[in-house]
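Trainee: I should like to learn how to read a model of this kind, feature by feature. Where should one begin?

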Amino acid sequence: MKRISWKHAALSTLCLAVLGAATFVGLAKIGVAKGKKPEIEDTKRLNVYADNWFSLYINGELIAVDSIRFIPHNVISVDVLPEYPMTIAVIAKDNANAKTGMEYRNTQIGDGGFILKLADGTVTGKHWKVKVVAHGPVDRDTQNPKVLTTEIPARWSEIDFDDSSWQPATEYSEDAVRPKRPFYDHDFQGAKFIWSNDLDLDNTVLFRVKVDFPPDGSTPKNFPILQSE
Ligand SMILES: [Ca+2]
Ligand SMILES: [Ca+2]
């Protein structure tokens with residue numbers, strides 16, 4: 001049997017130690033690259049005001065729901081971790097009886113309105129798409145009120161949903177929507193009120209927009225650690 005000298009043994013041990021250290025450093029580097037976790041500073045504040053109610057999805061995931069169905073009018077303000085491209089999809093409802101299209105126990109026609117700002121510069125405007133799914137009372141006939149409804153398309157809030165047949169949203173002035181006090185306590189700078197082209201009679205509408213990059217020009221951050229595979 002060949003004898004291994006202490007010099008050989010020492011050299012082998014040294015080689016193994018160097019190899020081990022190199023492997024450790026390599027893994028640590030991969031760990032840093034793959035393991036960067038988002039911090040709260042990476043989130044953006046989302047402010048939403050709806051007359052009267054909304055539910056909002058980002059990239060197909062439910063992100064915010066208006067906590068008050070009717071009145072008082074309120075602002076929902078939540079932290080969002082943006083991921084680009086970002087598809088925002090919203091269902092917004094004016095308060096309206098399902099059978100008459102009217103509010104306050106069927107005594108009057110109410111109006112809608114929706115506005116949103118995300119702190120990356122994303123704002124509502126006529127570049128959003130809209131689809132009406134409930135309308136009434138038809139012809140403003142409050143004596144014999146009728147409503148028209150359209151089925152909400154399947155997968156309407158998903159990223160790959162085809163909204164090319166939807167209409168451009170209509171912008172409305174603050175005077176037209178008359179937002180209530182909480183609106184003025186939050187940042188909506190640069191955002192426009194939107195709805196369909198009938199603020200009074202279209203009572204449930206769907207909105208969609210795709211945001212490819214942060215509109216404020218900031219560099220989007222990527223967090224591979226959040227990916228499932
Ligand atoms: Ca209405
Ligand atoms: Ca309303």
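Mentor: Begin with Pro85, which is placed in the loop between β4 and β5. Its peptide bond with the preceding Tyr84 is cis, with omega near -5 degrees. Please keep in mind throughout that this is a predicted model.

Trainee: Which other residues does a cis peptide bond join?

Mentor: Gly136 and Pro137 are joined in this way, with an omega of about -5 degrees. Pro137 belongs to the loop between β7 and β8 (148-149).

Trainee: How far may the coordinates be trusted? What is the mean pLDDT of the protein?

Mentor: The mean pLDDT is 89, and 84% of the residues reach 70 or more. Over residues 22-33, however, the pLDDT is below 50, and this stretch has zero contacts in the model beyond near neighbours in sequence. Where pLDDT is low, the predicted coordinates should not be read in detail.

Trainee: How many helices and strands does the protein have?

Mentor: There are two helices and 12 strands. Read from the N terminus, the order of the elements is α-β-β-β-β-β-β-β-β-β-β-α-β-β. The order is one aspect; the separation of contacting residues is another. Of the contacts with a separation of 6 or more, 74% are between residues 24 or more positions apart.

Trainee: What share of the residues count as buried?

Mentor: Of the 229 residues, 29% count as buried. One may then turn to the nonpolar core. The largest such core has 36 residues, and those that touch the most other members are Val48, Phe54, Val90, Ala92, Phe114 and Phe207. Several strands each supply at least two residues of this core, among them β1 (44-50), β2 (53-58), β6 (114-118) and β12 (202-211). The largest share, six residues, comes from β5.

Trainee: Taking one core member, with which residues is Phe114 in contact, leaving aside its neighbours within four places in sequence?

Mentor: Phe114 is in contact with Ala50, Phe54, Val90, Ala92, Thr124, Phe193, Ile194, Trp195 and Phe207. Of these partners, Phe54, Val90, Ala92 and Phe207 are also named with Phe114 among the core residues that touch the most other members.

Trainee: A lysine invites a similar reading. Is Lys131 buried or exposed?

Mentor: Lys131 counts as buried because 21 C-beta neighbours lie inside 10 Å, and the cut-off for that class is 20 or more. Lys131 lies in strand β7. Not counting residues up to four places away in sequence, Lys131 touches Trp166, Val205 and Leu206. A further distance may be noted: the C-alpha atoms of Lys131 and Ile152 are separated by 9.2 Å, with the two residues 21 apart along the chain.

Trainee: Backbone angles remain. Which residue other than glycine has a phi near 60 degrees?

Mentor: Arg155 has this positive value. The residue is located in the loop between β8 and β9 (167-168). Arg155 counts as exposed because it has 12 C-beta neighbours inside 10 Å, the class being defined by 12 or fewer.

Trainee: What is the phi of Arg178, and where is this residue found?

Mentor: The phi of Arg178 is positive, about 50 degrees, although the residue is not a glycine. Arg178 is found in the loop between α2 (174-177) and β11. With 14 other C-beta atoms within 10 Å, Arg178 is partly exposed.

Terms used: Residues numbered from 1 in each chain as written. Chains lettered and ligands numbered in written order. Predicted model: local features only at pLDDT ≥ 70, side-chain atom pairs only at ≥ 80, totals over all residues. Core = buried A, V, L, I, M, F, W, Y, C linked by C-beta atoms within 7 Å. Helix = DSSP H or I, 4+ residues; strand = E, 2+ residues; numbered from the N terminus. Contact = placed C-beta atoms within 7 Å. pLDDT = per-residue confidence, 0-100.
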